[in-house]
Amino acid sequence: MFSTVPKPCIRSISNRVKGLTSLYNARSCTSHAGKRADNMKKNMTRYRFIYPEFLPDPKIDFRNPVREMLERNDMIARRHQIDIPEFYVGSILAVEASDPHTPGKVQRFVGICIQRKNCGLRANFILRNIIDHQGVEILYDLYDPCIQKIEVLRLEKRLDDELLYLRDALPEYCTFDPNMEPEILPEDGDVPVNPIKVKLKPRPWLERWERKNLKGLQDLGLNERFYERARAVATPWEKYDLMKEYMRTIPEEEQNEILGEVQSKLQKLDVTKKRQKRKRVFVKPTKLA
Amino acid sequence: MSINFSSVVSKCCLRSLEDKFVFLSISGNLGQIREKHKINPPPRLRNPTWFTKKLRAPSTELITHENKDFLKEVVQDRFHDKVPHEEITQIEWTPDLQRTGVIARKIGIYPLWFKDGKKITTTLLQVLDNHVIKYYAPEEFDPPRKRVGRIKNKKGCLLLGAEAQDPSTFTREYCGLFKDSGVIPKKTLGRFFISPNARLPIGTLISAMHFQVGNVVDVRGKTIDRGFQGVMKRHGFKGMPASHGVTKTHRRGGNIGGGGEKGRVWPGTKMPGHMGNRSRVAKGLKILRINTKHNVLWVSGQAIPGETNSIVYIYDTKLPLRKPEKPLPFPTFIEPTDNLPEDIYDESIHSFVEPSIMHNES
Amino acid sequence: MLNGKLVFNDALKCNSMIRKFHTTNHCMEIQKLTRLRVVDNSEIGKQAMAEGKPPKCIHIYNKTGVGMIGDKVLVAIKGEKKKGILVGLKQNQKPKVPKFDSNNVVLIDDNGTPLGTRIHVPIPTILRTILKEKTHTKGADYTKILGIASRFI
């Protein structure tokens, strides 16, 4: 589902492992320890999507354990400074960043996240909105120290991994009120998926969307020859290509190791944050006058 | 010092004796052959003494686990905690003094941010376990290529090794290089020319703190091997049009020379050939951050020759205008690294443990 | 029509004039003959946009010939030659610099005074620095267009 981030696990290879996992599950049902392990595993899969940028670039030429460790430490250090929340492509965010061109002020931009890219300290995301009938997009680095605050106004997912087609969509699909209030979701629930289907403007487009196998688009209303061509250039066998899948994923054991480390370090952070919040509640208001 | 000197003298004597013997034996055998200088011409380039066969053919001996452990113990006992015999005398550094460089590994690239909010891409270089293996005094070291003319302030040569490895994988000859130093045999060797004052005792460990944050270094590495490549990739030629009647010459170089008096291919003409895998130096890279625990240097820029995980050599810069202002630790940094902070940042760099950057009106 | 898409809103009214293919450069950069969108309320600009004949860039006053944000351009608009400043680009920008859905231009005269009195789209804050740098004491004062901007992002 998340093709932009390293795949959670080797999907097709995991078919091979499926037998093993089911066996493992059957056994885990019997014992408490197994249950806990199962729980942890479930947590890991969640972390994979919450913190996709912690998984390094799977390209073997660029990997080095020391570099990855240092990079992770830096990312966690930054996360101790500001709260980088869980968000997905399709969520609506508000980013406040200090700007050297308007000193002393903070620039706030509200928009829908249409793309998340790269991993490590290079992770970035694009926000899109329509302001004064003018489509505007801003790319932010996730770990840029100029960012003062990242706020999730509406936490949801969409049907696709990338929403770049919103650039060719009718303006109502990406117009959001800059003064929007954050919507609160019930805790411990799954992130809702917005099943909205987007209507595009007539051609010309920036890309040939009919070839991308997108689920979040309404009928494109194209001539049959476009679809024929799309079928001709499609590569449906690629999802069965084990070697390709293997090259663009990180082995599951390694993922668990990385995410386990991240989890332990960030959980401490969560705990301290909660404690701080609680502390703040009990602080007496000081008299100013 | 005196012991060292006597050993040098004895070595010199031995070598000259050896040479004579070799000469005698050769002259005995080849005395009768005419034109022998053509049969056995003097070598144009002699490899340095430490260029021996390194790796041993993997043995097929079947050793039990206990014996393997025993071998490991032997290695550990033999190379355990060797402290250099001599003390290092620290001298005030002056710009005309040359320190040793270090052997490092390029471990990746990632961005850092300046305090004004700008991003800079940095390359991470991990300084390996550099030990001094040998020192050649200026008189003693004879370089493979002789320079013509008188040489002022002649440099000595320091041989460093990095990356300790199981000695049983190396040849006997190669292990012999490390015999005097007491250092466990190393996978990588590097030689660095130094001022005689910068001599380090054999067995000294050099850490990343040899360099200082804010100073400028040159990094030498082997560029990525790209094999035999055409002119478009190798020299950035434009190639030829894709259409308009062009046949079979889309990525070719075209003309390589004129006619008439110049009717030949001139030396140095850019043509297809092997690209990469040659030594290149990236000069003038600033050190922005040092990790003392893992011995990692963050240097500015992303164009350091070589792939990730390849070996590079780091030197103090040769660029005349970027020489350090403050004195460097000379000959090297010898204080204990326990009390140092884990991360040392350049003053212009934003540390990730600091709060977010806010641009204020000046 | 070049950049048929970018003038989509304005050109909907005169659909017959849009041809169904576009010859926009792939990286969406501003070159000579690129169609631009006038975003101020100058009379000539408003008319040109309403007629569906957006101005064409006929010269870029820099060394590369590719228009970047804050560059001065010469445009052909309604049979006249006018100068303008690029205040929004379709091209990919650096982090934190906004990228727009159209190539926006504000018309100015030779002294840098804008022809209109208001810009009706947001303009990037980076223009404050860029235009300040481009203004010299004796030349044109480009910072005047910052005064008529309605919103910065």
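**Ground rules.** When I write of strands or helices here, I mean DSSP runs numbered from the N terminus: H or I over at least four residues for a helix, E over at least two for a strand. The model is predicted, so I looked up confidence before anything else.

**Confidence, chain A.** I found an average pLDDT of 85 for chain A, with 83% of the residues at 70 or above. The stretch I marked in my margin is residues 1–30 of chain A, where the pLDDT is below 50. That stretch still has 37 contacts in the model beyond near neighbours in sequence. I leave its details alone.

**Chain A, overall.** I counted 6 helices and 5 strands. Going along the sequence I wrote down α-α-α-β-β-β-β-β-α-α-α. Of the 289 residues in chain A, 26% are buried. I also checked how far apart in sequence the contacting residues sit: taking contacts with a separation of 6 or more, 68% join residues 24 or more positions apart.

**Chain B, overall.** Here I have 5 helices and 13 strands. Chain B runs to 362 residues, and 24% of them count as buried. The matching figure for contacts between residues 24 or more positions apart is 77%, again out of those with a separation of 6 or more.

**Where A meets B.** How many residues does each chain put into the contact? I get 25 from chain A and 25 from chain B. On the chain A side, the elements giving two or more residues are α3 (65–81) and β5 (147–154). Helix α3(A) supplies the largest share, 8 residues. I sorted the chain A side by residue type and got 11 nonpolar, 6 polar and 8 charged.

**Nonpolar cores.** The largest core has 70 residues. Among those with the most contacts inside it I noted Cys113(A) and Leu127(A), along with Ile85(C), Leu86(C) and Val106(C). I followed Cys113(A) further. Setting aside neighbours within four places in sequence, its contacts include Phe87(A), Val89(A), Leu93(A), Phe125(A) and Leu127(A). Gly90(A) and Ser91(A) are also on the list for Cys113(A). There is a second, separate core of 51 residues, and Leu128(B), Ala162(B), Leu285(B) and Tyr313(B) are among its members.

**Val219(B).** I found this residue in strand β7 (residues 216–222) of chain B. Is Val219(B) buried or exposed? The cut-off for buried is 20 or more other C-beta atoms within 10 Å; Val219(B) has 26, so it counts as buried. Not counting residues up to four places away in sequence, Val219(B) touches Val281(B), Ala282(B), Leu285(B), Val299(B), Ile304(B), Val312(B) and Ile314(B). I also took the C-alpha distance from Val219(B) to Tyr315(B): 6.3 Å, for two residues 96 apart along the chain.

**A sheet in chain B.** I traced an open sheet of 4 strands in the order β5-β4-β3-β6, with antiparallel pairing. Strands β5 (186–194) and β6 (205–206) are the edges: each has a single partner strand, so one side of each lacks a neighbour in the sheet. Then I looked at one pair within it. Strand β3 (residues 130–136) and strand β4 (residues 156–164) of chain B run antiparallel over 5 bridges. For His131(B), I looked up the bridge partner in β4(B), and it is Gly161(B).

**Backbone oddities.** Most residues other than glycine have a negative phi, and most peptide bonds are trans, so I went looking for exceptions.

- The bond from Arg203(A) to Pro204(A) is cis, with omega near 5 degrees. I place Pro204(A) in the loop between β5 and α4 (224–233) of chain A.
- Phe330(B) and Pro331(B) are also joined by a cis peptide bond, omega about 0 degrees. Pro331(B) is in the loop between β12 (311–316) and β13 (343–345) of chain B.
- Asn118(A) has a positive phi, near 65 degrees, and is in the loop between β2 (106–117) and β3 (124–131) of chain A. I get 16 other C-beta atoms within 10 Å of Asn118(A), which makes it partly exposed.
- Asp132(A) has a positive phi too, about 50 degrees. I found Asp132(A) in the loop between β3 and β4 (134–141) of chain A. Asp132(A) counts as partly exposed because it has 13 C-beta neighbours inside 10 Å, and the cut-off for exposed is 12 or fewer.

Conventions
Residues are numbered from 1 along each chain as its sequence is written. Chains are lettered from A and ligands numbered from 1 in the order in which they are written. This is a predicted model: local features need pLDDT of at least 70, side-chain atom pairs count only at pLDDT 80 or more; totals for chains, interfaces and linings use all residues. Two residues are in contact if their C-beta atoms, placed from the backbone, lie within 7 Å. Ala, Val, Leu, Ile, Met, Phe, Trp, Tyr, Cys and Pro count as nonpolar, Asp, Glu, Lys and Arg as charged, and the others, Gly among them, as polar. A nonpolar core is a set of buried Ala, Val, Leu, Ile, Met, Phe, Trp, Tyr and Cys residues joined through C-beta atoms within 7 Å. pLDDT is the predictor's confidence in each residue, from 0 to 100. Two strands pair if DSSP finds at least two bridges between them.
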